Amino acid sequence: MQKFQRVNHEFPPVFDKRSRVLMLGTMPSPKSRENGFYYGHPRNRFWPVLAQVCQSPCPQTREEKISFALEHKIAVWDVLASCDICGADDGSIQNPVPNDMSVILEQADIQAVFATGAKAYVLYKKYCREKTQLEAVRLPSTSPANCRISFEELVKDYRVILKYL
């Protein structure tokens with residue numbers, strides 16, 4: 001049985017002044033923290049889905065993912081700066097501390113915020129919405145744990161970002 005661990009978000013947001021959409025996860029998974037970047041589990045479909053949506057080759061390395069996001073005006077971050085969590089189970093999150101979204105919002109003209117999963121959406125609404133004054137759109141999780149949604153369905157759902165880019 002896994003136990004709770006206090007996790008602090010350790011990598012900076014990906015964005016620049018040209019970023020138009022903000023994609024928010026909950027908190028980096030153990031695999032993402034091990035790999036040192038967002039959506040770092042090899043079976044997470046985030047990067048392949050965005051590549052398909054943007055009709056681009058799928059970025060592989062950390063540097064390629066940063067370049068891809070910036071080129072396509074996509075900011076990537078997480079709702080939480082820290083929390084107590086059991087493994088990668090977003091449902092187990094306790095004692096959440098949100099990230100300060102103004103770090104991005106004061107420098108980029110963000111047109112829309114997208115939460116990449118139910119928990120990210122709920123946490124954003126609870127801890128960030130009032131300060132940002134921006135509603136979030138809930139997208140399905142690209143996590144390998146969300147296997148009931150096909151790759152094709154994810155691509156279809158994530159295409160909503162195109163109208164803001």
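**Figure 1. Close-up of the pair K31 and E34 in helix α1.** At 31% relative accessibility, K31 counts as partly exposed, a class that lies between buried (under 20% relative accessible area) and exposed (over 50%), with a 1.4 Å probe and protein chains only. E34, at 57%, counts as exposed. K31 and E34 form a salt bridge in which the closest N and O atoms are 3.3 Å apart; the term stands for a side-chain nitrogen of Lys or Arg within 4 Å of a carboxyl oxygen of Asp or Glu. Both residues lie in helix α1 (residues 30-35), three residues apart, about one turn of the helix. Helices (H or I, at least four residues) and strands (E, at least two) are DSSP runs, numbered from the N terminus. This is a predicted model, in which local features need pLDDT of at least 70 and side-chain atom pairs count only at pLDDT 80 or more, while totals for chains, interfaces and linings use all residues. Residues are numbered from 1 along each chain as its sequence is written, and side-chain values use heavy atoms, with hydrogens and water left out.

**Figure 2. Close-up of the salt bridge between R6 and D84.** Side chains of opposite charge can pair when their charged atoms come close. Here the N to O distance between R6 and D84 is 3.3 Å. R6 belongs to strand β1 (residues 4-8) and D84 to strand β4 (residues 80-86), so the pair ties together parts that are 78 residues apart in sequence. R6 is partly exposed, with a relative accessible area of 38%, whereas D84 is buried, at 16%.

**Figure 3. Close-up of the salt bridge between D16 and R18.** The closest N and O atoms of D16 and R18 are 3.7 Å apart. D16 is partly exposed at 22% relative accessibility, and R18 is partly exposed too, with a relative accessible area of 37%. A search of the whole structure finds four salt bridges.

**Figure 4. Close-up of helix α2 (residues 46-53) and its surroundings.** Six of the eight residues of helix α2 are buried, so the helix is largely enclosed by the rest of the structure. The buried residues are F46, W47, V49, L50, A51 and V53. Their cover includes the strands β2 (21-25), β3 (74-78) and β6 (112-116) as well as the helices α3 (62-71) and α7 (151-158). Just after α2, Q55 takes a positive phi of about 55°.

**Figure 5. The whole protein, with its seven helices and seven strands, as a setting for the close-ups.** Read along the sequence, the elements follow the pattern β-β-α-α-α-β-β-β-α-β-α-α-β-α. The radius of gyration, 15 Å, is close to the 15 Å that the globule rule gives for 165 residues, so the protein is as compact as a globular protein of that length. This radius is taken over C-alpha atoms, and the globule rule is 2.2 Å times the number of residues to the power 0.38. Along the principal axes, the C-alpha atoms fill a box of roughly 40 × 35 × 25 Å. Buried residues make up 47% of the 165 residues. Among contacts (heavy atoms within 4.5 Å) with a separation of 6 or more, 68% join residues 24 or more positions apart.
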